[in-house]
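Here is a short report for a first look at this structure. It moves from one helix to the sheet, then to a single side chain.

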Amino acid sequence: MTTQANKSIVSADYPTPPFAEQPQPAPGLASKMIPVPDHGEKSYRGSGRLTGRKALITGGDSGIGRAVAIAYAREGADVAINYLPEEEPDAIEVIRLIEAEGRKAIAIPGDIRSEAFCQQLVKEAVEKLGGLDILVNNAGRQQFNESIRTLSTEDFDATFKTNVYAMFWITKAAVDHLPRGASIINTSSVQAYNPSDILLDYAQTKASIVAFTKSLAKQLGKEGIRVNAIAPGPYWTPLQSSGGQPQEKVMQFGASAPLGRPGQPVEIAPLYVTMASQESSFSSGQVWCSDGGTGTL
Ligand code: NAD
Ligand code: MG
């Protein structure tokens, strides 16, 4: 018997494990995932919460960054996205979706492990958007490694360059362009607080992002600029299937969350909208978690 209590009020029935084995070389494409993630393409509805705003989102081609790009455009913002050149097929879809909202969409491919590129990225975004008042540092590298004995300096360095140095370089290049009321949002992870054995390098970068966020919020408060971090739990994105987890874990991804499944990128976009919006004008220096119910953060 169906009771009021167990009738679904969610707009979609989100996929639950087990999932198919689906290895891809990093950084992977969302379009090749089975099932393809829900980034809000059909489901996200805006309500003018970011009208006239100008956002730069790194890793905006797929996963969480794509969901944020779609949501921001539907909330009325112009959006520039950065991604790696090999992700062009995913990025083209995002550009089309932003343009379909009548918003400006700027594609700026390139590797953020280079400081010179990070500076160029911000310059181009500011020029083409005509300013900048939302910065989302979301790009990330996650490659699992079983042991400190096999984790190479090259891997450690690549993870820190992508997740920590690039955030510093991009934010440093952006800060003089940001007006009062601007918002910086950094993607951390539950790994900052509850690190997995096989993510030794990645987890440290996510903890660094928390400290960076809290420190910078104290620096920029007087300028009226807010800095927050988001800590996702398991979200269904190419980061995980392209070396972020062993395939056995991808097949069971999200099973240990109390909600019994991974989150779909569209489910975290509202947090990024809320943190960007002036409605949250007194919230800064915080980490906002969405992990399917552990209650850990
Ligand atoms: P994703 O693979 O869709 O996005 C990550 C993006 O990072 C890629 O699309 C790519 O464009 C970008 N990137 C990686 N290396 C780069 C480089 N050198 N130069 C430029 N861009 C680069 O996966 P996602 O899960 O949406 O990841 C987004 C953020 O969320 C990451 O910071 C990740 O650490 C974080 N996160 C994800 C999960 C999860 O379960 N999916 C959980 C916690 C945190
Ligand atoms: Mg991608």
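Helix α1 (residues 63–74) lies across β1 (54–58), β2 (78–83), β4 (134–137), β5 and β6, and runs at about 170 degrees to β1. Contact here means heavy atoms within 4.5 Å. Axes are lines fitted to C-alpha atoms, for helices over the stretch in contact, and angles between N-to-C directions run from 0 to 180 degrees. Helices (H or I, at least four residues) and strands (E, at least two) are DSSP runs, numbered from the N terminus.

This is a predicted model, in which local features need pLDDT of at least 70, side-chain atom pairs count only at pLDDT 80 or more, and totals for chains, interfaces and linings use all residues. Residues are numbered from 1 along each chain as its sequence is written, chains are lettered from A and ligands numbered from 1 in the order in which they are written, and side-chain values use heavy atoms, leaving out hydrogens and water.

**The helices**

α1 is mostly covered, with 12 of its 12 residues buried (under 20% relative accessible area, 1.4 Å probe, protein chains only). Among them are Gly 63, Arg 66, Tyr 72 and Arg 74. Just after α1, Gly 76 takes a positive phi of about 105 degrees.

Two helix spans can be set beside their expected values. The expected span is 1.5 Å times one less than the number of residues.

| Helix | Residues | End-to-end C-alpha distance | Expected span |
|---|---|---|---|
| α1 | 12 residues | 17 Å | 16 Å |
| α4 (153–174) | 22 residues | 29 Å | 32 Å |

α4 bends by about 45 degrees at Lys 161. That bend is the angle between axes fitted to the seven residues ending there and the seven starting there. Helix α5 (residues 200–220) lies across β5, β6 and β7, at about 165 degrees to β5.

**The sheet**

The open sheet has 7 strands in the order β3-β2-β1-β4-β5-β6-β7, with parallel pairing. Strands pair if DSSP finds at least two bridges between them. The edge strands, β3 (105–109) and β7 (287–290), each pair on one side only. The twist averages 15 degrees from one strand to the next. Strands β5 (residues 183–187) and β6 (residues 226–232) run parallel, joined by 5 bridges. Ile 185 stands opposite Asn 228 in β6.

**His 39**

Is His 39, in the segment before β1, buried or exposed? His 39 is buried, with a relative accessible area of 1%. Its side chain makes a polar contact (N or O atoms within 3.5 Å; within protein, one able to donate a hydrogen and the other to accept it, and residues adjacent in sequence counting only if both atoms are side-chain atoms) with the side chain of Glu 41, at 2.9 Å. The backbone nitrogen of Gly 63 lies 3.2 Å from a polar atom of the His 39 side chain. Not counting residues up to four places away in sequence, His 39 touches residues including Ala 67, Ile 70 and Pro 265.

Notes:
Buried < 20%, exposed > 50% of the residue type's maximum accessible area, 1.4 Å probe, protein only.
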